Amino acid sequence: MPTSDNKIISAHNGNSETEVVDSEWVASGKLGTRDAVLKFRTNILNSDISATSEIQDSNSDNNAADSKNPVSGSSTTPQLFDGRGRSNSIVTKSAKESAESEDTEADLNESGDFQCDSEYSNHEADEGNIDLPYSRTMPAHVLKITYKFMQTETRLIRKIFNRHGLTEVQKDENFSILWTGVHIKPDILRNLAPYQRVNHFPRSYELTRKDRLYKNIVHLQHLHGFRSFDFVPQSYMLPKELKELASAHNKQKGPWIVKPAASSRGRGIYIVNAPDQIDMDEPVIVSRYIVDTLCIDGHKCDIRIYVLVTSFDPLVIYIYEEGLVRLATVKYDRREAHLWNPCMHLCNYSINKYHMDYIKPNDDTEEDIGHKWTLSALLRHLRVQGHNVPQLMANIEDLIIKSILACSQTVIAACRMFVPSGNNCFELYGFDILVDNSLKPWLLEVNLSPSMGVDSGLDTRVKACLLTDLLTCVGIPAFSTSTRDTFDKKWTRFRSINFGKRTSSADSGNKRPSVSGSQNLHPLTTEEQRIVRNACMQNARRGGFVRIFPAEDTMQRYGHYLDTTTGIPLSTSVAPGQNLCPMVLPHNYNQVLFDNLYGKNAVNKGAKEGNSAKQRYAQYERALANSTRIVFCKKNIEKSEELCKNLRAEILSYINSGSELTQLQARQTFSRYLEAVLHRLTKEPRDFHEKLILKFLNRIGGAFKTPVLFKNPENAKVVNKARSAMVAKLLSDFLEQYIRDTEAYIDSFEYYNMIPTKLYNDFLNHALESDLEHVLALITCLTGLMPYLYNRYGLSVPPTPPIPSGQYGFLRALPAMVARGTGSREFHKCESYLRIEKANASGKCDKLPYIAANKKRK
Ligand code: ADP
């Protein structure tokens with residue numbers, strides 16, 4: 001029997017799109033048909049796969065493993081509703097149910113090179129190259145299905161797309177899927193064709209901005225009672241609500257946790273005992289600090305749950321079966337004296353990873369080792385301790401549904417205005433949840449574009465499974481280019497006729513056959529049929545996702561939060577006659593979908609499969625099966641000493657004979673230099689160097705100021721480790737911003753006397769910290785300019801400081817390159833801290849010979 005991969009290959013050789021029929025890579029219908037979508041799998045993400053036979057091997061492994069697993073064996077072949085009462089079966093195993101081959105050696109430390117968490121590095125290896133022979137035979141490649149990235153750079157997603165044969169397109173080209181790290185502009189949304197997918201809904205910020213989320217939930221507390229919505233810590237926006245905070249503090253004392261309003265990844269967070277300790281320089285959100293927190297082996301932890309919403313009207317919510325648990329590095333101690341320590345009170349990976357005691361899981365199978373666990377490992381751990389795990393997960397599901405209900409009304413209104421088709425948008429949210437010691441979950445925040453950065457094998461495994469399942473579930477239509485063209489033409493005509501009347505495609509087929517009687521007895525309109533059919537097909541493709549809304553008990557538990565006529569969750573007080581989500585024809589999609597899946601109209605039993613509460617809770621607790629280990633390309637630049645020396649000599653001779661660095665080259669050198677310093681300090685912390693960096697960052701100010709004061713140093717060792725971690729985190733945040741800013745610079749042509757771009761890039765790729773330092777110091781001294789920090793014609797450029805010669809001279813001069821006072825009050829805060837070693841440092845520095853600065857070249 002020919003394998004599916006062979007079918008694809010033969011189709012490719014035959015140069016015919018239509019010959020490519022049903023395969024391992026297409027779901028919900030035959031390729032090219034209306035319902036067919038691409039199927040994504042983790043087993044081809046392995047770099048070493050060169051022949052399709054390996055894919056086959058792992059597939060047969062799957063089947064073998066499944067047959068050994070009674071749970072997965074019985075539940076992994078959901079019935080696919082085909083809209084005519086018949087059912088097809090497709091294999092959509094979740095990662096927890098399937099076991100894939102493990103035959104390739106993993107190198108998950110990403111070559112041991114310094115790698116910034118948020119993947120902002122501008123010198124990454126290109127991942128998942130399309131040149132792999134089998135990528136060209138994938139349906140997505142044959143059908144010319146494309147993806148576009150906008151303001152995001154995620155190696156893992158790129159690799160998944162490339163390996164499945166999708167092609168990246170640039171700015172103005174047509175895409176099948178757009179993946180962005182930011183909100184999408186209405187203009188882009190308005191012009192989407194029905195086959196296009198984008199990874200955000202409009203106005204998602206109602207959920208993902210800390211202040212908006214809190215306000216929306218408070219609205220529901222007012223509408224439906226506090227007790228049903230008491231899962232967010234009491235919070236206040238400062239400076240506006242300072243009075244309210246003061247009176248809350250008088251009623252019940254702190255501590256309070258202070259977070260900058262527009263910030264993430266633990267940036268700028270600190271904890272205070274009383275409101276008068278809060279810095280009012282910028283708008284902040286102050287929340288009651290949950291002191292009695294659940295600890296694992298004495299460490300505070302929080303949970304990241306991945307939540308997929310594929311539609312807001314009707315509301316369709318999935319939770320991914322696996323999540324991540326982040327542990328603080330330092331053991332938890334609730335005493336006031338320890339409130340300063342971010343590595344004890346904050347669980348952010350981006351803070352804790354720089355702590356010397358932070359333990360990364362070595363292997364992708366280590367789910368409960370070190371400071372990052374999987375959700376299922378935590379649940380199993382809690383069960384062993386005798387906790388009621390199903391109750392915890394029920395409360396988490398409830399919290400997720402209610403917070404989405406709280407912002408739905410606004411998102412639906414925006415979708416009506418901007419989004420042409422019901423399938424265009426989907427969104428993956430990262431819910432951060434803290435569990436207290438009575439096992440009550442608290443919602444901390446919802447992340448807009450949860451990080452898909454991978455830093456360990458465990459991360460890679462969970463996120464690769466998550467992303468492949470997400471893309472299959474969401475469904476990228478497997479249309480040929482000609483079908484897409486036809487669609488585009490029809491769609492343009494349709495829009496030109498309907499523009500201004502109504503923006504949802506839903507209305508095009510929304511004529512209900514005129515049958516008298518109550519709404520539920522009506523036959524479904526075309527649009528309602530589409531919705532039910534889509535929901536069934538999507539659920540059949542869900543892989544490791546667990547649908548929590550709608551579910552069997554949805555109407556019983558959440559029906560009273562929905563408007564009785566429209567089914568839309570009402571979250572704001574609506575004046576009589578005012579309708580925030582206007583409809584041309586009244587409909588209640590939530591009710592229709594529920595009735596057709598679980599109610600009296602339910603025609604398809606398969607649609608319910610896997611969604612009962614019991615099945616859901618069991619799935620959260622199951623460990624992910626071992627999956628293919630995923631290897632990322634190494635940067636693999638061999639730093640040969642000889643080559644380094646030659647390149648450096650060449651660059652120095654250019655500079656000495658009058659060449660200046662362009663601003664881009666200078667900024668690239670500076671960012672490489674700081675990366676090298678960060679890398680060095682994380683491996684071998686150096687007190688004095690950290691202080692220099694801290695001083696520089698505090699002077700620069702903005703988000704890079706010291707978020708906690710290093711007070712109460714009870715135990716010098718602990719303090720030092722925590723301080724090192726904080727400095728590294730601040731430097732890494734600065735670098736991220738700096739590298740992003742640098743992307744705005746280009747050298748559009750090479751002018752006379754410029755160091756050739758290729759030569760300079762070669763130098764950057766090979767240079768060591770000392771080489772970079774040397775070039776930066778030389779260029780500063782010779783030109784009297786600091787092009788890596790200031791524009792040549794900037795107004796408030798401070799004079800260039802003298803740069804001590806010898807190793808680390810540039811680092812010593814760095815703080816003085818920023819004008820005093822630029823970093824506002826924060827600089828003064830760290831002054832006292834810096835004073836500790838001031839005497840020694842200044843003594844040493846004074847004696848150091850300086851490179852003559854300000855000796856401008858004529
Ligand atoms: P960010 O978006 O910057 O990561 P979070 O709201 O997720 O900010 O908070 C960061 C960390 O601070 C969390 O991991 C959690 O450990 C801790 N935290 C946040 N809010 C509270 C709170 N109200 N009580 C206790 N700990 C909290």
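Helices (H or I, at least four residues) and strands (E, at least two) are DSSP runs, numbered from the N terminus. This is a predicted model, in which local features need pLDDT of at least 70 and side-chain atom pairs count only at pLDDT 80 or more, while totals for chains, interfaces and linings use all residues. Residues are numbered from 1 along each chain as its sequence is written, and side-chain values use heavy atoms, with hydrogens and water left out.

**View 1. The shell around the ligand.** Strand 10 (256-260), strand 14 (299-312), strand 18 (427-435) and strand 19 each give at least two residues to the shell around the ligand. Among the 21 residues around the ligand (near means a heavy atom within 4 Å), Lys259, Gly266, Asp302, Asn348 and Glu445 come nearest. The ligand takes up the space of the largest cavity. Here a cavity is a set of points, on a 1 Å grid over the protein atoms alone, where a 1.4 Å probe fits but cannot get out; a molecule sits in one if more than half of its atoms lie within 2 Å of its grid points.

**View 2. Polar atoms beside the ligand.** Look first at Asn348: an N or O atom in its side chain is 2.6 Å from an oxygen atom of the ligand. Lys210 places a polar side-chain atom 3.0 Å from a ligand oxygen atom, and Arg288 has a backbone N or O atom 3.0 Å from a ligand nitrogen atom. On its own, the ligand has 540 Å² of accessible area (Shrake-Rupley method, 1.4 Å probe), and the protein covers 99% of it.

**View 3. Trp442 in strand 19.** Trp442 belongs to strand 19 (residues 441-447). Trp442 is buried, with a relative accessible area of 16%; buried means under 20%, with a 1.4 Å probe and protein chains only. The side chains of Trp442 and Asp436 share a polar contact of 3.0 Å, that is, a pair of N or O atoms within 3.5 Å, one able to donate a hydrogen and the other to accept it. Beyond four places in sequence, the contacts of Trp442 (heavy atoms within 4.5 Å) include Phe231, Ile290 and Leu399. Leu399 is 43 residues from Trp442 in sequence, yet their C-alpha atoms are 8.1 Å apart.

**View 4. His200 in a loop.** You will find His200 in the loop between strand 8 (197-198) and helix 7 (205-208). His200 is buried, with a relative accessible area of 1%. Its side chain reaches the backbone oxygen of Val182 at 3.4 Å. Leaving aside neighbours within four places in sequence, His200 touches several residues, including Thr180, Cys425, Phe426 and Leu448.

Terms used: Buried < 20%, exposed > 50% of the residue type's maximum accessible area, 1.4 Å probe, protein only. 1 Å grid on protein atoms, 1.4 Å probe; cavity = no way out; pocket = protein on both sides within 12 Å on 5 of 7 lines; lining within 4 Å.
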